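Here is a short tour of one chain, with its sequence and model side by side. Keep the viewer open as you read, and turn the view along with the text.

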Amino acid sequence: MNWDQIEGKWKEVKGKARTSWGELTDDELDQVGGKKDELIGKIQKRYGLEREEAERQVDDWANKL
């Protein structure tokens, strides 16, 4: 699924994001609103990851949708 599709279906997809990154709160996922950079930033901050690692995780996750 590409990011335009993910952004358009964010309310459906955010539950899957919550499963993958359980430490993210519902409020944080609502703030993301399907925007890739926002999701990467939240994961990076919450999990203390380098940007490249957070981006890799997000890309892997999106490719599985």
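## Ala54 and its surroundings

Let us begin with Ala54, which sits in helix 5. The model is a predicted one, and in it Ala54 has a relative accessible area of 0%. Because buried means under 20%, Ala54 counts as buried.

Which residues does Ala54 contact, leaving aside its neighbours within four places in sequence? They are Ile40, Ile43, Gln44 and Leu49. If you would like a longer distance to try in the viewer, take Ala54 and Lys35: their C-alpha atoms are 14 Å apart, and 19 residues separate them in sequence.

## Helix 5 and its two faces

Helix 5 runs over residues 51-64. The helix has 14 residues, and from its first C-alpha to its last it reaches 20 Å, close to the 20 Å expected at 1.5 Å a residue. Ala54 has company on the inside, as Val58, Trp61 and Ala62 of helix 5 are buried too. Looking down the axis, you will find the buried residues of helix 5 within an arc of 100°, so they line one face of the helix. The elements covering these buried residues include helix 1 (3-8), helix 2 (10-20) and helix 4.

Now turn the helix around. On the face pointing away from the buried side, helix 5 carries Glu52, Asn63 and Lys64, which are exposed. Asp59 also has its place in helix 5, and with a relative accessibility of 26% this residue counts as partly exposed. Between Asp59 and Lys11 there are 19 Å in space, C-alpha to C-alpha, and 48 residues in sequence.

## The nonpolar core

The largest nonpolar core has 16 residues, and those that touch the most other members are Trp10, Trp21, Leu39 and Trp61. Helix 1, helix 2, helix 3 (26-32), helix 4 and helix 5 each give two or more residues to this core. Which element provides the largest share of this core? That is helix 5, with four residues.

Leu39 is a good place to pause and look around. Not counting neighbours within four places in sequence, Leu39 is in contact with Trp3, Trp10, Trp21, Leu24, Leu29, Val32, Val58 and Trp61. Two of the names in that list, Val58 and Trp61, are also among the buried residues of helix 5.

## Salt bridges

How many salt bridges does the count come to? The count is eight. One of them joins Glu53 and Arg56, with 2.6 Å from N to O. Both residues lie in helix 5, three residues apart, or about one turn of the helix. An α-helix has 3.6 residues a turn, so residues three or four places apart point the same way. Glu53, at 27% relative accessibility, is partly exposed, and Arg56, at 40%, is partly exposed as well. A network of salt bridges links Glu53 and Arg56 with Asp60.

Another salt bridge brings together the side chains of Asp37 and Arg51, at 3.1 Å from N to O. This pair links distant parts of the chain, with Asp37 in helix 4 (residues 36-47) and Arg51 in helix 5, 14 residues apart. Asp37 is exposed, at 55% relative accessibility, whereas Arg51 is partly exposed, at 31%. A further salt bridge is formed by Asp26 and Arg18, whose closest N and O atoms are 3.2 Å apart. Here Asp26 is partly exposed at 45% relative accessibility, and Arg18 is partly exposed with a relative accessible area of 32%.

## A buried glutamate in helix 3

Is Glu28 buried or exposed? Glu28, found in helix 3, has a relative accessible area of 15% and is buried. Apart from residues up to four places away in sequence, Glu28 touches Glu23, Lys42 and Arg46.

## The annotated span

Finally, a word on the database record. An unreviewed UniProt entry lists residues 4-55 as "domain: CsbD-like". In the model, the end C-alpha atoms of this span lie 17 Å apart. The span is 77% helix and 0% strand.

Conventions: Residues numbered from 1 in each chain as written. Predicted model: local features only at pLDDT ≥ 70, side-chain atom pairs only at ≥ 80, totals over all residues. Heavy atoms only, no water. Salt bridge = Lys/Arg side-chain N within 4 Å of Asp/Glu carboxyl O. Buried < 20%, exposed > 50% of the residue type's maximum accessible area, 1.4 Å probe, protein only. Expected span 1.5 Å × (residues − 1). Arc of directions from axis to C-beta. Contact = heavy atoms within 4.5 Å. UniProt positions renumbered as here; feature names shortened; annotations may be inferred. Core = buried A, V, L, I, M, F, W, Y, C linked by side-chain atoms within 4.5 Å.
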